[in-house]
Amino acid sequence: MVLKGISRRVSRLREYLLNSGLDFALILNPLNQYYYTGFYALIYSRPILFLISQDETHLIVPCLEELHAKEDAKVDHIHVYYEHPEKAQEGIDPLKMVRDIIAKRGWRRGGIERDSLPLSFWELLSDAGVKELRDVGGFVLRERLVKDDEELDLIRKAGKIVSVGVVESMKAIREDITEIEIDGVGSLALLKSAAEELPGRRLELFVMSPSGRERSALPHVFSISRKLKKGDIIIHSRQVALDGYRAECERTVFLGDPTPKDREYFKVMLEAQRAAIEAVRAGVRCKDVDNAARSIIA
């Protein structure tokens with residue numbers, strides 16, 4: 001699915017480049033590439049590169065992604081580098097393709113994502129004749145922070161789908177079931193729901209259900225084949241990304257009666273969460289929302 005707002009995003013980036021005196025921008029972050037092109041592939045050892053100027057956009061992809069890019073990418077030019085000998089003469093080096101594009105057009109001032117630029121690319125841009133580099137990563141981040149109506153709709157739909165998985169996983173919680181089985185029950189339910197209600201859409205899943213008093217305190221762990229026991233605390237956390245836009249839902253579950261201390265901690269947590277939610281409004285700083293919750297805990 002190609003997002004309808006891409007042309008507006010590209011226009012705003014071009015306006016920023018113009019006002020900053022930049023000839024082009026090189027975008028390497030895969031999520032930022034998707035934001036500006038509608039193209040998203042599984043990222044592995046072969047680089048995917050995106051160049052944008054005032055007049056044109058270029059996407060450089062490996063041959064394995066050629067058909068995919070031609071179907072999804074909303075760009076002016078797609079350049080393909082080949083790794084099999086039958087087409088090697090058409091180009092096998094993506095970095096050379098970038099260098100040639102920049103050099104032929106005489107671009108001298110470039111925008112880069114400072115946090116995503118390897119040293120090898122810094123040298124490449126210098127070899128292509130680029131004399132000045134400025135960071136555009138902050139601008140791109142600020143752009144992505146504010147969602148348009150299409151993006152908000154995707155997040156809402158992702159939220160509905162992720163909730164299906166959470167509900168079904170919680171129903172499955174019982175003694176002797178494993179963490180990975182809990183995850184599987186909810187994942188199957190949400191995949192079925194997405195297949196019926198959102199055909200042809202890209203879905204990504206993440207889920208974990210650490211259980212027991214030691215594991216449930218770990219914030220980011222994979223589920224394992226541990227069997228649940230009476231008295232366990234289970235943290236069931238689940239994410240769904242719909243066409244790249246994520247929603248998350250997390251629930252704390254007690255298998256059996258919580259202790260008085262458990263109830264006390266849970267009550268404090270719930271009050272802190274409510275205080276944070278009540279503090280959210282336009283113009284409020286993120287740290288003020290955080291402080292609203294921390295003041296309750298303190």
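## Helix 5 packing, a strand hairpin and salt bridges

The buried residues of helix 5 pack against strand 1 (24-27), strand 2 (49-53), helix 4 (94-105), strand 5 (109-112) and strand 6 (132-135). This description rests on a predicted model, and every value below is computed from that model.

### Helix 5 and its surroundings

Helix 5 covers residues 119-127, and its buried residues are Phe121, Leu124 and Leu125. These three lie on the same side of helix 5, because the arc they cover around the axis is only 95 degrees. The other side of helix 5 carries Leu119 and Asp127, both of which are exposed. After helix 5 comes Gly129, a residue with a positive phi near 100 degrees.

### The chain as a whole

The chain contains 11 helices and 9 strands, and its C-alpha trace spans about 70 × 50 × 35 Å along the principal axes. Of the 298 residues in the chain, 44% are buried. When contacts between residues at least 6 apart in sequence are considered, 60% of them join residues at least 24 apart. The accessible surface of the chain amounts to about 16,800 Å², and carbon and sulfur atoms account for 53% of that surface.

Separation along the sequence and separation in space can also be given for a single pair: Ser7 and Leu26 are 19 residues apart in sequence, and their C-alpha atoms are 17 Å apart in space. Ser7 belongs to helix 1 (residues 6-19) and is partly exposed, with a relative accessible area of 38%.

### A nonpolar patch on the surface

A nonpolar patch on the surface is formed by Leu42, Tyr44 and Leu64, which together have about 340 Å² of accessible area. Leu64 sits in the loop that runs between strand 3 (57-62) and helix 3 (66-72). Its relative accessibility is 58%, so Leu64 counts as exposed.

### The hairpin of strands 8 and 9

Strand 8 (residues 233-242) pairs with strand 9 (residues 245-254) in the antiparallel sense, and the pairing extends over 10 bridges. Within this pairing, Ile235 has Thr252 in strand 9 as its bridge partner. The two strands form a hairpin with 2 residues between them, and in the turn Asp243 has a positive phi of about 50 degrees.

### Salt bridges

The structure holds 21 salt bridges, and the table sets out three of them.

| Residue pair | Closest N to O distance |
|---|---|
| Lys157 and Asp153 | 3.1 Å |
| Glu204 and Arg246 | 3.7 Å |
| Asp262 and Arg213 | 2.8 Å |

Lys157 and Asp153 are both in helix 7 (residues 149-172), where they are 4 residues apart, or about one turn of the helix. Both partners are partly exposed, Lys157 with a relative accessible area of 28% and Asp153 with a relative accessibility of 33%.

The side chains of Glu204 and Arg246 meet in a salt bridge at 3.7 Å, N to O. Because Glu204 lies in strand 7 (residues 203-208) and Arg246 in strand 9, the pair ties together parts that are 42 residues apart in sequence. Arg246 is thus in a strand of the hairpin described above. Glu204 counts as partly exposed at 23% relative accessibility, and Arg246 counts as partly exposed at 42%.

Asp262 and Arg213 form a salt bridge in which the closest N and O atoms are 2.8 Å apart. This pair links distant parts of the chain, since Asp262 is in helix 10 (residues 260-279) and Arg213 is in helix 9 (residues 212-215), 49 residues away. The relative accessibility of Asp262 is 9%, so that residue counts as buried, whereas Arg213, at 42% relative accessibility, counts as partly exposed. Elsewhere, salt bridges that share partners join Arg8, Arg9, Asp148 and Glu151 into one network.

Note on methods: Residues numbered from 1 in each chain as written. Predicted model: local features only at pLDDT ≥ 70, side-chain atom pairs only at ≥ 80, totals over all residues. Heavy atoms only, no water. Buried < 20%, exposed > 50% of the residue type's maximum accessible area, 1.4 Å probe, protein only. Arc of directions from axis to C-beta. Contact = heavy atoms within 4.5 Å. Patch = residues over 30% accessible without salt bridge, like charges linked within 9 Å, V, L, I, M, F, W, Y side chains within 5 Å. Areas by Shrake-Rupley, 256 points an atom, 1.4 Å probe, with all protein chains shown as cover. Salt bridge = Lys/Arg side-chain N within 4 Å of Asp/Glu carboxyl O. Pairing = 2+ DSSP bridges.
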